[in-house]
Amino acid sequence: MLGLIAGWASAELQRVSAEEAGERSAKLLQIQLDHIREGIMIFDAAKNVVAINKRMSELLDVPLGELAAGSYEQVTRGLAARGEFGAGDEEQIVRQRLQLLAQRRPVSQSRRRPNGRVLAEAFSP
């Protein structure tokens, strides 16, 4: 019985240590991202936001929490609703941007925001 408890305690310590290391790594990555002058938003294979820096929030005039809590489609839909991609049918704009992403090839383009600021965008699968 004592061996079982010791084995469980050892496994639990390893799990907690791994979680702490993961949290520390995530904090270090966020610090690094926040010191980059360009806006960065990183998505996973399921197109969910996994990392974003403060500069992206500033460039888009959208609260960081709003951007960080979504998928590529949700972020794109929210921006389209605000007119970020120009006039036109929001659903068509969202579809076009999803298709662009689905091509899985690097894309560089620029667009003018409603406030007149020009943003350079780069997609890199």
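Start by selecting Phe123. In this predicted model, Phe123 is buried, with a relative accessible area of 14%. The cut-off for buried is under 20%. Keep Phe123 highlighted, since several stops lead back to this residue.

**Stop 1: the aromatic cluster**

Add Phe43 and Tyr72 to the selection. Together with Phe123 they form one aromatic cluster. How many aromatic pairs does the structure hold? There are 2.

Take Phe43 and Tyr72 to begin with. Their ring centres lie 5.3 Å apart and their planes meet at 80°, so this pair is edge-to-face. Phe43 sits in strand S1 (residues 41–43) and Tyr72 in helix H4 (residues 72–81), so the pair ties together parts that are 29 residues apart in sequence.

Now check how open each ring's residue is. Phe43 is partly exposed, at 27% relative accessible area. Tyr72 has a relative accessibility of 6% and counts as buried.

Move on to Tyr72 and Phe123. Here the ring centres are 6.4 Å apart with planes at 75°, so this pair is edge-to-face. It links distant parts of the chain: Tyr72 belongs to helix H4 and Phe123 to strand S4 (residues 118–123), 51 residues apart.

**Stop 2: helix H4**

Select residues 72–81 to show the helix. Which residues of H4 are buried? They are Tyr72, Val75, Thr76, Leu79 and Ala80. Turn the view to look down the helix axis. The buried residues fall within an arc of 130°, so they line one face of H4.

Next, show what covers that face. The cover includes strands S1, S2 (49–52) and S4. It also includes helices H2 (54–60), H3 (64–68) and H5 (90–102). Then step past the end of the helix. H4 is followed by Gly83, which has a positive phi, near 80°.

**Stop 3: the hairpin of S3 and S4**

Go back to Phe123 and select the whole of S4, residues 118–123. In a regular strand the side chains alternate between the two faces of the sheet. Along S4, Leu119, Glu121 and Phe123 point to one face and are buried. Val118, Ala120 and Ala122 point to the other face and are not buried.

Add strand S3, residues 107–112. S3 and S4 run antiparallel, joined by 6 bridges. Pick Arg112 and look across to S4: its bridge partner there is Val118. This hairpin has 5 residues between the strands. Gly116 in the hairpin takes a positive phi near 95°.

**Stop 4: the cavity**

Phe123 has one more role in the tour. Show cavities, if your viewer can. The count comes to 1 cavity of 30 Å³ or more. The largest cavity holds about 30 Å³ of space. Which residues line it? Select Leu100, Leu101, Arg104, Arg105, Phe123, Ser124 and Pro125.

**Stop 5: the hairpin of S1 and S2**

Return to Phe43 and its strand, S1. Add S2, residues 49–52. S1 and S2 run antiparallel, with 3 bridges between them. Find Met41, which stands opposite Ile52 in S2. The two strands form a hairpin with 5 residues between them. In the turn, Lys47 has a positive phi of about 70°.

**Stop 6: Ser57 and helix H2**

Select Ser57, which lies in helix H2. Is Ser57 buried or exposed? Ser57 is buried, with a relative accessible area of 12%. Now list its contacts, leaving aside neighbours within four places in sequence. Ser57 is in contact with Val62, Pro63, Leu64 and Leu67.

**Stop 7: Gln32 and helix H1**

Select residues 2–34 to show helix H1, where Gln32 lies. Gln32 is exposed, with a relative accessible area of 54%. Set a distance from Gln32 to Asn53, C-alpha to C-alpha. The two are 8.9 Å apart in space and 21 residues apart in sequence.

**Last stop: the whole chain**

Zoom out and colour by secondary structure. The protein chain has 5 helices and 4 strands. Read along the sequence, they follow the pattern α-β-β-α-α-α-α-β-β.

Switch to colouring by accessibility. Of the chain's 125 residues, 25% count as buried. Finish with the contacts between residues at least 6 apart in sequence: 25% of these join residues at least 24 apart.

Notes:
Residues numbered from 1 in each chain as written. Heavy atoms only, no water. Phe/Tyr/Trp six-rings, centres within 6.5 Å; stacked < 30°, edge-to-face > 60°. Buried < 20%, exposed > 50% of the residue type's maximum accessible area, 1.4 Å probe, protein only. Arc of directions from axis to C-beta. Contact = heavy atoms within 4.5 Å. Pairing = 2+ DSSP bridges. 1 Å grid on protein atoms, 1.4 Å probe; cavity = no way out; pocket = protein on both sides within 12 Å on 5 of 7 lines; lining within 4 Å. Points joined across faces, edges and corners; volume = space filled by probe spheres on them.
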